[in-house]
Amino acid sequence: MHPMNSQKSIVILISGRGSNMESLLAAVAAGTLPVRVAAVLSNRPDAAGLQSAAAQGVPTRVVDHKQFADRVAFDAAMSEAIDAFAPDLVVLAGFMRILSEGFVRRYEGRLMNIHPSLLPAFPGLHTHRKALDEGVRVHGCTVHFVTPALDHGPVVVQAAVPVLDDDDEAALAARVLAQEHRVYPQAVRWFAEGRLRLVGQRVLLDAPQDAAGALIAPRVPAA
Ligand code: GRF
């Protein structure tokens, strides 16, 4: 096969700002993410990310959830829009709709999400507020394969950040978001390179790993 033909394609689903989408497009443009972004799809016509995707020459489509009677009808229309691009991987990037079981099963093993917490802690919304309310010292983000349970599924990668005493929701969110922008392109790259293997509920990574980046907090004070 010609090498060009073996390049994986992705479709990115957004609902709003689209900064994770931007990080993926930037990695593609920089040559560090060897995929073709076939399209960016949104369930909201006013998603800011649509404009920046279009400005970068990426095809965009809107499947407005308000135009559909129920979740299953919306999901069917969204599937149709996705399948028109025949992507290898569907990347949820701030896509704020709960997906039906049928939708999730259709893309099993090729549907990824990023969630702004260290799952299984804090599924759902307002994760940074919950982390502050609970007083956890470590927070972060998770890239995972999607299963029918909300914000659940085999973990591809997590990044952890400290929670500082004077953090507010915005400060903590910004610290986590910086990590989201780092790990999502990395996770998609691993998928595209065929380095991820699902064994039970665990994702095994066929890439050099070491413990050098291991997080130990608080640091043990020097003797
Ligand atoms: C991110 O924090 C993502 O993890 C969550 O929603 C937010 C979307 O931000 N699911 P953006 O649209 O990617 O800027």
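**Exercise 1. Helix H1 against H2 and H6**

State the hand of the crossing in which H1 passes H2, then classify the angle between H1 and H2.

Solution. H1 passes H2 in a right-handed crossing (the near helix is turned clockwise from the far one by less than a right angle; anticlockwise would be left-handed). The model is predicted, so local features need pLDDT of at least 70 and side-chain atom pairs count only at pLDDT 80 or more, while totals for chains, interfaces and linings use all residues. Residues are numbered from 1 along each chain as its sequence is written, and side-chain values use heavy atoms, with hydrogens and water left out.

Step 1. H1 spans residues 19-30 and H2 residues 48-55 (helices are DSSP runs of H or I with at least four residues, strands runs of E with at least two, numbered from the N terminus).

Step 2. The axes of H1 and H2 come within 9 Å and cross at roughly 15° (lines fitted to C-alpha atoms over the stretch in contact, with angles from 0 to 180 degrees between N-to-C directions).

Step 3. H1 and H2 are therefore roughly parallel (under 35 degrees; over 145 is roughly antiparallel, 65 to 115 roughly perpendicular, the rest oblique).

Step 4. With H6 (residues 169-192), the axis of H1 comes within 9 Å and crosses at roughly 50°. That makes H1 oblique to H6. This crossing of H1 past H6 is right-handed.

**Exercise 2. Helix H5 against H6**

At what angle do H5 and H6 pack, and how far apart are their axes?

Solution. H5 (residues 127-134) packs on H6 at about 115°, with the axes 9 Å apart. H5 and H6 are therefore roughly perpendicular. H5 passes H6 in a right-handed crossing.

**Exercise 3. The ligand site**

List the residues around the ligand and sort the shell by class.

Solution. Step 1. Arg 17, Gly 18, Ser 19, Asn 20, Gly 94, Ile 114, Pro 116 and Glu 180 surround the ligand (a heavy atom within 4 Å).

Step 2. The shell has 2 nonpolar, 4 polar and 2 charged residues (Ala, Val, Leu, Ile, Met, Phe, Trp, Tyr, Cys and Pro are nonpolar, Asp, Glu, Lys and Arg charged, the others, Gly among them, polar).

Step 3. A ligand oxygen is 2.5 Å from a side-chain N or O atom of Arg 17. A ligand oxygen also lies 2.8 Å from a polar backbone atom of Gly 18.

**Exercise 4. Backbone exceptions**

Where does Pro 120 lie, and which peptide bond there is cis?

Solution. Pro 120 is in the loop between strand S5 (111-115) and H5. The bond from Leu 119 to Pro 120 is cis, with omega near 10°.

Key. Polar contact = N/O pair within 3.5 Å; in protein donor to acceptor, adjacent residues only side chain to side chain.
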